[in-house]
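Here is a short report on one protein chain. It moves from the whole fold to single residues.

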Amino acid sequence: RRVLFRTMNTPIFQAGGPARADALRRWVMENPVDAPSVAWGFVAIGKRALPAIEKLYHYPELAPRLAALKAGAKLGDPLVLPDLEEIARDDGNEFQEEAILLLADLPPNPRSLTILRDLLNNQNRTIQIAAFEGLRKNNDPLIHKQIIGLNAKFVLYTVPSDRPMIY
């Protein structure tokens with residue numbers, strides 16, 4: 001699915017990436033409903049889009065901001081970490097789960113893993129599961145994997161948490 005989005009948003013003519021990124025930045029500010037598509041447009045431009053994207057990391061409207069943070073995370077920009085943490089820890093934020101999944105997309109680092117570990121103790125099961133999936137995606141050493149059965153028909157993962165659950 002990611003390849004399809006990139007392909008749909010990758011222009012054939014690759015020159016002028018920063019100018020296109022700036023045009024997308026202005027577009028998403030005026031048309032926040034297009035934020036999910038614009039995020040993939042930024043990703044398709046690549047790291048040359050980062051200067052335009054970074055201007056939206058602290059944008060007051062959430063949809064353009066999240067599009068920029070998503071693109072920044074997919075492009076491996078470490079500057080997204082504090083903003084993603086803010087959204088991921090905000091229990092009232094409608095984009096909390098998405099921010100957690102984006103934290104998992106970042107290259108593994110101690111801070112993002114600590115955030116995900118802390119979110120394992122959230123009272124919301126959906127948030128706990130998203131945090132677990134992020135840790136599993138990053139092969140966190142706290143997760144213990146146990147294969148049950150001769151042909152690996154069942155895998156049991158255990159991870160320390162103040163709020164135990166079975167998922």
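## Fold and contacts

In this chain, 53% of the contacts with a separation of 6 or more are between residues 24 or more positions apart. The model is predicted. It contains 9 helices and 2 strands. From the N terminus, the order is α-α-α-α-α-α-α-α-α-β-β. The C-alpha atoms fill a box of roughly 55 × 35 × 25 Å along the principal axes.

The chain has 167 residues, and 40% of them count as buried. The exposed area is about 9,500 Å². Carbon and sulfur atoms supply 58% of that area.

## The nonpolar core

In soluble globular proteins, nonpolar side chains tend to be buried together. Here the largest nonpolar core has 44 residues. Phe42, Ile53, Leu84 and Leu103 have the most contacts inside it. Helices H2, H3, H4, H5, H6, H7, H8 and H9 each supply at least two residues of this core. H3 gives the most, with 7 residues.

What does Leu103 touch, not counting residues up to four places away in sequence? Its partners are Leu81, Leu84, Ala88, Ser112, Ile115 and Leu116.

## Helix H5

H5 spans residues 62–74. Its 13 residues reach 18 Å from the first C-alpha to the last, close to the 18 Å expected at 1.5 Å a residue. The helix is mostly covered, with 10 of its 13 residues buried. Among the buried ones are Pro64, Arg65, Lys70 and Gly72. The buried residues of H5 pack against H2, H3, H4, H6 and H7. Gly76 follows H5 and has a positive phi, near 75 degrees.

## Two residues side by side

Is Glu85 buried or exposed? Glu85 has a relative accessible area of 16%, so it counts as buried under the 20% cut-off. Leaving aside neighbours within four places in sequence, Glu85 is in contact with Arg111 and Ile115.

Phe154 has a relative accessible area of 46%. That value lies between the 20% and 50% cut-offs, so Phe154 is partly exposed. With Ile148 and Leu156, Phe154 makes a nonpolar surface patch of about 240 Å².

| Residue | Element | Relative accessible area | State |
|---|---|---|---|
| Glu85 | helix H6 | 16% | buried |
| Phe154 | strand S2 (residues 154–158) | 46% | partly exposed |

Note on methods: Residues are numbered from 1 along each chain as its sequence is written. This is a predicted model: local features need pLDDT of at least 70, side-chain atom pairs count only at pLDDT 80 or more; totals for chains, interfaces and linings use all residues. Side-chain values use heavy atoms; hydrogens and water are left out. Patches are made of residues with over 30% relative accessible area and no salt bridge: like charges are joined within 9 Å, nonpolar side chains (Val, Leu, Ile, Met, Phe, Trp, Tyr) within 5 Å. Accessible areas come from the Shrake-Rupley method with a 1.4 Å probe; for residues, only the protein chains shown count as cover. A salt bridge is a side-chain nitrogen of Lys or Arg within 4 Å of a carboxyl oxygen of Asp or Glu. Helices (H or I, at least four residues) and strands (E, at least two) are DSSP runs, numbered from the N terminus. Buried means under 20% relative accessible area, exposed over 50%, partly exposed in between (1.4 Å probe, protein chains only). A nonpolar core is a set of buried Ala, Val, Leu, Ile, Met, Phe, Trp, Tyr and Cys residues joined through side-chain atoms within 4.5 Å. Contact means heavy atoms within 4.5 Å. The expected span of a helix is 1.5 Å times one less than its number of residues.
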